[in-house]
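Here is a short report on how the helices of one model pack together. Take a look at the structure first.

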Amino acid sequence: MSRRYLLKKVIGALLTLSGVVVFNFFLFRIIDRDPLAKYRGRSKLTLEQRETMIRRMGLEGSKWDQFVVYVKSVFRLDFGRSFDSTQPVLGEITARLPATLFLVGVSTLLTICIGLYIGTKAGWRRGSRFDRTSTSAAMVLYSTPEFFFGMLLLAFVAGRTGWFPTGGLRSVGANYGFVGNLLDRIHHLVLPVLTLTLGYLGSYALIMRTSMIETLGEDYLVTARAKGLRDSEVMSRHAVPNALLPSVSLIAISCGFVIGGAITTETVFSYPGLGLATANAIRNNDLPMLQALFLFASAAVILFNLVADFVYALLDPRVRRAE
Amino acid sequence: MRESGSTTVRAMTWARRRRAFSRVWRELRHDRPGFIGLLLLSGFGLFALSAPLIADRSSLLAASGRNNPDLAAPSSKFLLGTDEIGRDVLAQLVWGSRVSLFIGLLATVVAVVIGSLVGLAAGYAKGKISAVLLAIDDFFLVVPFLPLAIVLAVILGRSPTTLAIVIGFTSWAGSARLIRAQVLTLSERAYVERARALGAGSWHVIVRHVLPGVAPLIIANATLIVPTAILTESTLSFLGFGDRLSPSWGKLLDGAQSSGSITINAWWYFLPPGLCIIGIVLAFTLLGRALERIFDPRLKGR
């Protein structure tokens, strides 16, 4: 892989990340003139406590001084204390990170595999019954807010059958040994993962179908057929690799949506990850928490886009071999 | 002389526009998904307009449910039952259609205006201005828009109008990109060069030649922004933004969720608003994709 390409992408990602850091300051310190006003117990604060809060939040001095203090604290990964729990924000986030990573990771993997498979098949057999059924279904899935899937699953699957727990990360107060606890956690994950997967399956399938159809008209497919390759070989060796390219970038862009999906899905299932933390921070006006969560979400998306650029380079020989 | 000349030119322009419009209408009628979308959309439009006929606005007030049973199943009095404080769900659903549509459309106007201005400027201007606009556009494409919308809404306020502006402000980047590409190809066309050679200024070229060329793209794109704006609105409302006393469909789902209607399976409370969101998003998406196909012949057959 060309080193220049990689370097360019990494520098681009770092620039965007620093843009987010500056933007974050702008949002929480300039658009919001008095961040402390949203502190819940502010009426009870003595003058002394108020001054401590101002110092702790880095709200002293000119905007430029505040900016310097802010940037330094970002580098130290110090995001202050949560208005709500009064604990350091970083600890609150790292404690919840694994649960969310697991939920989003598993469902993204599932969505990509199933969505790309359906999209490939539908695009390859355009106009067939499979195409018409799957495309209509994908349109409906795409039009449904993912948390509504969660509510439906809760009401009609968990509620009616009792096969699945209605929320949480694991059964409270129970200990089934190592394997049992693991199974218990998986049991709790089934419905949230299903919700997120259903929520984004539609758009991934539609994206892949469109790029399959775009490659169908290409000359190299005619050549491949003329060589006498079987239909399945034309598809898997020539059509799919080329159709994957535009899908990779589009899927990377759409991962911003998945973060939104995680927030509502975790809310529906009271799944104690970063999404639920975001929802709670919204209801409690917990600015320090929201500020850090926004930074983390942006960093995650930027990282995911960078990974997508690498995958793109691996898949596309033109980028891979270019110097 | 001049007077009559300008009216004939205007008449010609209008005749051309009428022809273009009837061509679009003809093609839309034969595009099955697009036509279904249009019908569905008209249905929702009528539903929103008929709100005062179906229920009085006062039944949204918290006090209106005081004498009604809470979370009561559908009956002849309440066709869709009641919510957790005894308010008529149907009344909230029909008035909510106005809130959801208002936020979706206002957000789209904001997004389309910003996206068109940035796209036109970035495509028409060369050099530094274009580079700066592109960098801003890139930034807004990458930054996850829901977290961004959340922090903006927390800082700026939680009212429906603020929500609409925030949603619009976070979802223009894609259309700016599309419009810029179209402007770039249009500026190379012979008729634009001819206008420039005849001494037309930038403003004239943009307004008279480039804008009419990108207008179809802008319209199709706008029709596709509405459904994402409505979905974003329902997500934000579900997370606690918006107004409980004038609830959008998303806000109704928030109420259904937090009142525990799911646990007791009060389907009349959470099913209708969810299905309405699916319906309206589907309608706009089908129509938008059909318009894209009609305006861009390369997309035929998708």
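The report covers the nonpolar core, one enclosed helix, two helix pairs and some backbone angles.

The model is predicted.

**The core**

The largest nonpolar core has 157 residues. Which members touch the most others? They are I259(A), L290(A), L293(A), A149(B) and A153(B). Helix 12 (residues 267-295) of chain B gives this core its largest share, 17 residues. L290(A) has contacts in both chains. Apart from neighbours within four places in sequence, L290(A) is in contact with A281(A), I150(B), V151(B) and V154(B).

**An enclosed helix**

I150(B), V151(B) and V154(B) are among the buried residues of helix 6 of chain B. This helix spans residues 145-156, twelve residues in total. From first C-alpha to last it reaches 16 Å, close to the 16 Å expected at 1.5 Å a residue. Ten of the twelve residues are buried, so helix 6 of chain B is largely enclosed by the rest of the structure. The buried residues also include F145(B), L146(B), P147(B) and L148(B). A149(B) and A153(B), named above for the core, are buried here too.

What covers these buried residues? The cover includes helix 1 (3-31), helix 9 (231-268), helix 10 (274-283) and helix 11 (287-315) of chain A. It also includes helix 7 (160-170) and helix 10 (202-238) of chain B. Just after helix 6 of chain B, G157(B) takes a positive phi of about 130°.

**Two helix pairs**

Helix 7 (residues 177-216) of chain A packs with helix 9 of chain A. Their axes come within 9 Å and cross at roughly 155°. An angle over 145 degrees counts as roughly antiparallel, and this pair is therefore roughly antiparallel. The crossing is right-handed.

In chain B, helix 2 (residues 32-49) and helix 4 (residues 89-124) pack at about 115°, with axes 8 Å apart. Their crossing is left-handed. F44(B), F47(B) and A48(B) of helix 2 meet V94(B), S97(B), R98(B) and L101(B) of helix 4.

**Positive phi outside glycine**

Most residues other than glycine have a negative phi. Two loop residues of chain A have positive values, as the table shows.

| Residue | Phi | Loop in chain A | C-beta neighbours inside 10 Å |
|---|---|---|---|
| S270(A) | near 40° | between helix 9 and helix 10 | 13 |
| N285(A) | about 55° | between helix 10 and helix 11 | 17 |

Are these residues buried, exposed or partly exposed? With 13 neighbours, S270(A) counts as partly exposed. N285(A), with 17, also counts as partly exposed.

Technical notes
Residues numbered from 1 in each chain as written. Chains lettered and ligands numbered in written order. Predicted model: local features only at pLDDT ≥ 70, side-chain atom pairs only at ≥ 80, totals over all residues. Core = buried A, V, L, I, M, F, W, Y, C linked by C-beta atoms within 7 Å. Buried ≥ 20, exposed ≤ 12 C-beta atoms within 10 Å, placed from the backbone. Helix = DSSP H or I, 4+ residues; strand = E, 2+ residues; numbered from the N terminus. Contact = placed C-beta atoms within 7 Å. Expected span 1.5 Å × (residues − 1). Axes fitted to C-alpha atoms, helices over the stretch in contact; angles between N-to-C directions. Parallel < 35°, antiparallel > 145°, perpendicular 65-115°, else oblique. Left-handed = near helix turned anticlockwise from the far one by under 90°.
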